Amino acid sequence: MPNVSVPDIAPGDTTSASGTNTFFTDLQTASATIDGTNTRSEWCSRYHIDQTAATPTFNTNFAQVVSSAQQVINSAVFTQVNMGTAFRITPAQPIVLAPGQVLRAHFDTLVTAMVTPAPPPANFVTLNNDCYQFQFWYNDGITTTNFPCISTYSYSILPRLDPGAPGVPLRVSALTKKRTVQRVNHTMCYVNDTAGNLTFNWIEVRARVVNVAWITSFTINQGDFNIMVGRF
Amino acid sequence: MAFTAPNTFTTLTAINGPLLRDNFVALRQYLDGGVVASDIAAATVTTTDIVRGEYVNVVPDHQFTTGDIQTQFTEIDDFSRSYNTSHYKQYDLFADIYSIIPNTGKRIVLEQAANVIYSVGISGVGNANYQLTGQKKASKILVRLTTGDLILPTDDIAQTQGYVFTEDNVATDVDNSGNTSSLLFGTEVTGFMSRRWYCNRYYFSLPKGTYNISLVTISNCDKMYFSARNSNIEIFYR
């Protein structure tokens, strides 16, 4: 808002019509461009925000996908989750994450079945061979790539031991116990710690088995995927 | 709209005092509640201008930018249990009738339309249903959202489905696992299912009003209990 000068009137001066008019005209002009120089800190509360149209003002980009069918995953390459509908969220406008802002993503589903070779390849599990994994991927308009975190779930509770370790031979149960029908989830809070904005055209969930020699496939059903951006 | 002086003055004409007074009255009225959004330059309201959250909140943040966080329950005491049984289903112990799991929910009031995230984790432990030893089913659990006093079938959210406990029938073990689950989806499903941790984080977009969010279960055990309950609700006004 431009400064508004008050006419300098000393005792005995004749009041000037033009000067008075100019004062009120300047006020009228300035009142149309009020900015931060005219307001106190913390003057704006919830009552000043126009929410009649329910247009997201601060916490935006909420979106959700829910499942309508099951999906069988049988690849060791991260594959898009599609339970009747693709678990990909594409905002109408790309999400722009400014420095310090947070992108949250949450995915939950139920692993309902597992197909495995019988017997398993070995009596011991090494690495993550008896595991399946979930990850979030995104596209920034140029590249499609993954967020760094991966959630890993195992189906088997076979012992994880190095069969070549020296020592007294361990007793290994002949029974293979497999863990299925469990609710699994993948959650991410991604903070933009760079100096510039990050852009996301879409975000999706992907899944895979770590080793198809141990897990032929697993089935997921009844799930949901949601995102939001926390701004300040 | 911007301020408008009601009177202007003519050169060489004496200024009328009441007219000048009226201009100042109009100015005072404008400054005292007459400023509207169109008078404020675009992109001029910054975080410095926004009132900080009240200290009754969990976090001292902008109350309407990050939302309220209401933690219903955090309980890790092994002895703090909510018991349940299939015998509340009087005529058919395997009927799909839900019961609310105590201390897993909360009643919230939204003053305006808001986005809500409900996060929950819980552990269920059960035992065999001795009256139905020939048939065994898993105990289902899911999230329920209701408003008002009437519970509708659509209030139970199918996409949040999980199973916290099932019984094992060694006699029909088919994969040499030592245990199996039966009659889960109408066909034999093999696997070790007992004692599953249930967790979920679900998002709602809700108009203003009063809502009840909780976990519900179909218990198919003679005796079971829930413990290690942890739930919280985040409310984000737009």
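Where in chain A is the place of A:Arg183? Keep that question in mind while we look around this predicted model.

## A buried arginine and a glutamine with a positive phi

A:Arg183 sits in strand 9 of chain A, the stretch that covers residues 182-191. Is A:Arg183 buried or exposed? With a relative accessible area of 4%, A:Arg183 is buried, because anything under 20% gets that label.

Now hop along the chain to A:Gln222. This residue belongs to strand 12 of chain A, which spans residues 217-230. Along the chain, A:Arg183 and A:Gln222 are 39 residues apart, and their C-alpha atoms are separated by 9.5 Å. A:Gln222 is buried too, at a relative accessible area of 17%. Its backbone is worth a look as well: phi of A:Gln222 is near 55°, a positive value in a residue that isn't glycine. Why point that out? Most residues other than glycine have a negative phi.

## Chain A as a whole

So what is chain A built from? Chain A has one helix and twelve strands. Walk along its sequence and you meet the helix, then the strands, in the pattern α-β-β-β-β-β-β-β-β-β-β-β-β.

Chain A has 232 residues, and 43% of them are buried. Take the contacts in chain A between residues at least 6 apart in sequence: 80% of these join residues at least 24 apart. On the outside, chain A exposes about 11,600 Å², with carbon and sulfur atoms supplying 54% of that area.

## Chain B as a whole

How many helices and strands does chain B have? The count is two helices and ten strands. Starting from the N terminus, the order of elements in chain B is α-α-β-β-β-β-β-β-β-β-β-β.

Of the 238 residues in chain B, 50% are buried. Look at contacts in chain B with a separation of 6 or more, and residues 24 or more positions apart account for 77% of them. The exposed area of chain B comes to about 11,800 Å², and carbon and sulfur atoms make up 55% of it.

## Two helices side by side

Time to see how the chains meet. Helix 1 of chain A runs over residues 17-30, so count 14 residues in it. From its first C-alpha to its last, helix 1 of chain A reaches 20 Å, which is close to the 20 Å expected at 1.5 Å a residue. Which residues of helix 1 of chain A are buried? They are A:Ala17, A:Thr20, A:Asn21, A:Phe23, A:Phe24, A:Leu27 and A:Ala30. The buried residues of this helix pack against helix 1 of chain B, residues 17-31.

The axes of helix 1 of chain A and helix 1 of chain B come within 12 Å and cross at roughly 15°. That angle makes the two helices roughly parallel, because angles under 35 degrees count that way. On the chain A side, A:Thr20, A:Phe23, A:Phe24 and A:Leu27 make the contact, and on the chain B side the partners are B:Leu20, B:Asn23, B:Phe24 and B:Leu27. As for handedness, helix 1 of chain A passes helix 1 of chain B in a left-handed crossing.

## Two leucines in chain B

Let's finish with a pair of leucines. B:Leu12 lies in the segment before helix 1 of chain B. Phi of B:Leu12 is near 70°, so here is a positive value in a residue other than glycine. Is B:Leu12 buried or exposed? B:Leu12 is exposed, with a relative accessible area of 88%.

B:Leu93, on the other hand, counts as buried, at 12% relative accessibility. You'll find B:Leu93 in the loop between strand 2 (82-84) and strand 3 (99-100) of chain B. How many residues apart in sequence are B:Leu93 and B:Ser80? The separation is 13 residues in sequence, and in space the two are 26 Å apart, C-alpha to C-alpha.

Terms used:
Residues numbered from 1 in each chain as written. Chains lettered and ligands numbered in written order. Predicted model: local features only at pLDDT ≥ 70, side-chain atom pairs only at ≥ 80, totals over all residues. Heavy atoms only, no water. Helix = DSSP H or I, 4+ residues; strand = E, 2+ residues; numbered from the N terminus. Expected span 1.5 Å × (residues − 1). Buried < 20%, exposed > 50% of the residue type's maximum accessible area, 1.4 Å probe, protein only. Contact = heavy atoms within 4.5 Å. Areas by Shrake-Rupley, 256 points an atom, 1.4 Å probe, with all protein chains shown as cover. Axes fitted to C-alpha atoms, helices over the stretch in contact; angles between N-to-C directions. Parallel < 35°, antiparallel > 145°, perpendicular 65-115°, else oblique. Left-handed = near helix turned anticlockwise from the far one by under 90°.
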